[in-house]
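The following paragraphs go through a protein chain, starting from one strand and moving outward to its sheet and then to the helices. Please keep the sequence and the structure in view while reading.

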Amino acid sequence: MSSRQSLSRRVFATILGMSLTTIIVFALALTLIVQQRLVHATSAELADEARVVAASLNSAPSHLTMLRRLHLENIRVTLVDPDGDVLFDSDTDASKMEDHADRPEIEQAVSTGYGSAERSSTTLGEVMLYQAVRLADGSVVRIAEGEAGYLAILGTLSLPVVLMVVGGAVVAVVVARRESHRIIEPLLEVDLDHPRRNVQNAYSEMEPMLERIESQRQELKRQMRVLADNDRMRREFTANITHELKTPLTTVSGYAELIANGLVTDEADLRDFGRRIYSEAGRLTSLVNDILTLSNLDEAERSEGDSAAAALGAREPIDLPLMLDGIVQRLEQVASRSEIDLDLDCAPAMVTGVPRLVDELAYNLTSNAIRYNHPGGSVTLSCGVEATPDCDCPTPYIRVADTGIGIAPEEQEKIFERFYRVDKSRSKARGGTGLGLAIVKHAASYHGARIELESELGRGTTITVRFPAQEQIEV
């Protein structure tokens with residue numbers, strides 16, 4: 001890991017820095033405590049000595065005589081009269097000393113009988129401690145002693161402090177290295193392929209991150225499945241479209257070649273070949289038209305406004321009963337040839353949409369219902385306006401119900417895929433491009449409609465396309 005980006009190094013440096021800071025602060029604080037205790041002890045001793053000196057002076061006939069005979073090691077004795085004039089000083093000529101009336105310890109002693117003070121020397125290496133006692137005649141005797149200051153004590157203890165800091169630093173390095181590894185270890189052990197397995201051993205702060213990684217991992221897997229499905233559908237579409245185009249083209253090319261080479265001389269055969277060429281050409285035209293319709297629908301779903309209208313056509317009011325009646329008339333002969341009874345059961349209903357798409361939607365549903373039916377079966381087209389359990393507002397619908405072969409539950413989600421056929425052999429025999437229900441799905445989506453499918457094998461299928469609630473349309 002790079003030193004700039006190493007979390008382990010940053011944790012190590014943080015722990016080490018905190019440890020060293022703690023050791024240094026502790027050493028300095030210890031020095032301050034030692035200094036304060038020394039000052040306190042010295043002040044107490046000095047107070048006792050001040051009382052002894054005061055008692056001696058009060059019992060002596062002459063204060064000055066007594067003070068000149070008094071010798072206290074490292075202690076300075078000063079006698080001050082009530083006006084602040086210095087009468088005696090053991091270290092300095094009293095006549096040369098300034099007035100001491102404003103000294104705190106003197107003022108306090110004159111007022112209360114006893115006073116004390118602390119003052120640092122100019123070198124900052126020593127603290128002068130003063131104890132003053134008022135004598136019986138009103139004068140004040142003051143004794144003073146110097147005590148080592150903070151810096152002086154710190155200098156005196158420099159070697160032990162340095163040794164303590166160095167020893168503490170060594171211990172801090174070892175502890176910091178061990179603790180940094182322990183802190184980083186759960187992060188290094190995270191299995192990003194299975195984040196939830198690490199939740200038990202991970203820090204609680206890591207749980208949101210692990211959950212997010214797991215969520216993103218699942219989303220990536222889902223997207224990969226979608227991409228795989230899309231790739232599979234693309235390959236299947238390419239294979240299917242190639243097959244669907246090749247079959248009629250081969251037929252047309254074969255019959256045309258026979259006619260072009262003069263191998264068909266009989267008039268009846270010539271008309272039969274022409275009819276087959278016309279039929280296969282119509283099948284090609286239907287396939288191409290369906291592909292173009294799906295392409296336009298795909299484009300319209302990705303675009304909006306004028307570009308979608310240009311590709312598919314403008315929206316306008318559509319009379320559903322009138323439209324379904326036209327579809328029944330167009331498919332009546334097809335249903336008759338298949339021995340299917342085609343019925344119409346409509347109530348007044350209007351929707352706003354692209355007439356061509358809505359017509360193709362209903363036509364493909366009806367055509368499929370006829371194609372996948374039994375001889376003697378029936379197909380019923382219906383429309384109207386009704387409310388649903390999940391929506392109290394009445395919505396228009398188109399419904400196509402048949403008594404055909406039905407759709408297995410596992411195939412009901414697949415029938416709207418392109419070129420998917422429930423009964424491939426039957427659909428080949430009855431024709432169809434395999435794109436009808438895909439067009440139904442995309443046309444319904446383009447109009448914001450919902451498709452409802454009910455089916456049972458051997459009993460038939462009912463498909464309802466339910467459009468959004470419409471505003472009042474005047475016809």
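**From a covered strand to the helix contacts**

In this predicted model, strand 4 is mostly covered, with seven of its nine residues buried. Strand 4 spans residues 126–134. Buried here is a matter of relative accessible area, the cut-off being under 20%.

What does strand 4 pair with? On one side, seven bridges join strand 4 to strand 3, and the two run antiparallel. Two residue pairs help to fix the register: Gly115 stands opposite Ala132 in strand 4, and Ala117 stands opposite Tyr130 in strand 4. Strand 4 also pairs with strand 5, again in the antiparallel sense, over nine bridges. Ala132 can be followed across to this pairing, since its bridge partner in strand 5 is Arg142. Strand 4 and strand 5 form a hairpin with five residues between them. In the turn of that hairpin, Gly138 has a positive phi of about 95°.

These strands belong to an open sheet of five strands, in the order 2-1-5-4-3 and with antiparallel pairing. Which strands stand at the edges? They are strand 2 (86–89) and strand 3 (114–120); each has a single partner strand, so one side of each is left without a neighbour in the sheet. From one strand to the next, the twist averages 20°.

Helix 3 (residues 104–112) packs on this sheet. Helix 3 touches strand 1 (76–80), strand 3, strand 4 and strand 5 (140–148). The direction of helix 3 makes about 170° with that of strand 3.

At the other end of the strand order, three bridges join strand 1 to strand 2, and these strands run antiparallel. Within this pairing, Leu79 has Phe88 of strand 2 as its bridge partner. The hairpin of strand 1 and strand 2 has five residues between the strands, and Gly84 there takes a positive phi near 100°.

Beyond the sheet, consider a position in helix 5 (residues 158–188), where Ser180 is placed. Is Ser180 buried or exposed? Its relative accessibility is 1%, and because the cut-off for burial is under 20%, Ser180 counts as buried. Ser180 lies 171 residues from Arg9 in sequence, yet the two C-alpha atoms are 7.8 Å apart in space.

The next region is a set of helix contacts. Two packed helices are described by the angle between their axes and the distance between the axes. For helix 9 (residues 320–337) and helix 10, the axes come within 10 Å and cross at roughly 35°. The crossing of helix 9 past helix 10 is right-handed. On the helix 9 side, the contact is made by Leu320, Met323, Leu324, Ile327, Arg330, Leu331, Val334 and Ala335. On the helix 10 side, it is made by Val358, Asp359, Ala362, Tyr363, Thr366, Ser367 and Ile370. By class, this contact has 11 nonpolar, two polar and two charged residues.

The loop between helix 9 and strand 7 (341–346) holds Glu339. Phi of Glu339 is near 60°, a positive value in a residue other than glycine. Is this residue, Glu339, buried or exposed? At 53% relative accessibility, Glu339 counts as exposed, since the cut-off for that class is over 50%.

Helix 10 (residues 355–371) also packs with helix 12 (residues 436–446), at an angle of about 145° and with the axes 9 Å apart. Helix 10 passes helix 12 in a left-handed crossing. Helix 10 contributes Leu357, Glu360, Leu361, Asn364, Leu365 and Asn368 to this contact. Helix 12 contributes Gly436, Leu437, Ile439, Val440, Ala443, Ala444 and Tyr446. The classes in the contact of helix 10 with helix 12 are nine nonpolar, three polar and one charged residues.

Finally, the chain as a whole. The protein chain has 12 helices and 12 strands. Of its 475 residues, 37% are buried. Among contacts between residues at least 6 apart in sequence, 62% join residues at least 24 apart. The accessible surface of the protein chain comes to about 27900 Å², and 54% of that surface belongs to carbon and sulfur atoms.

Notes. Residues numbered from 1 in each chain as written. Predicted model: local features only at pLDDT ≥ 70, side-chain atom pairs only at ≥ 80, totals over all residues. Heavy atoms only, no water. Axes fitted to C-alpha atoms, helices over the stretch in contact; angles between N-to-C directions. Helix = DSSP H or I, 4+ residues; strand = E, 2+ residues; numbered from the N terminus. Left-handed = near helix turned anticlockwise from the far one by under 90°. Contact = heavy atoms within 4.5 Å. Nonpolar A, V, L, I, M, F, W, Y, C, P; charged D, E, K, R; others polar. Buried < 20%, exposed > 50% of the residue type's maximum accessible area, 1.4 Å probe, protein only. Areas by Shrake-Rupley, 256 points an atom, 1.4 Å probe, with all protein chains shown as cover. Pairing = 2+ DSSP bridges.
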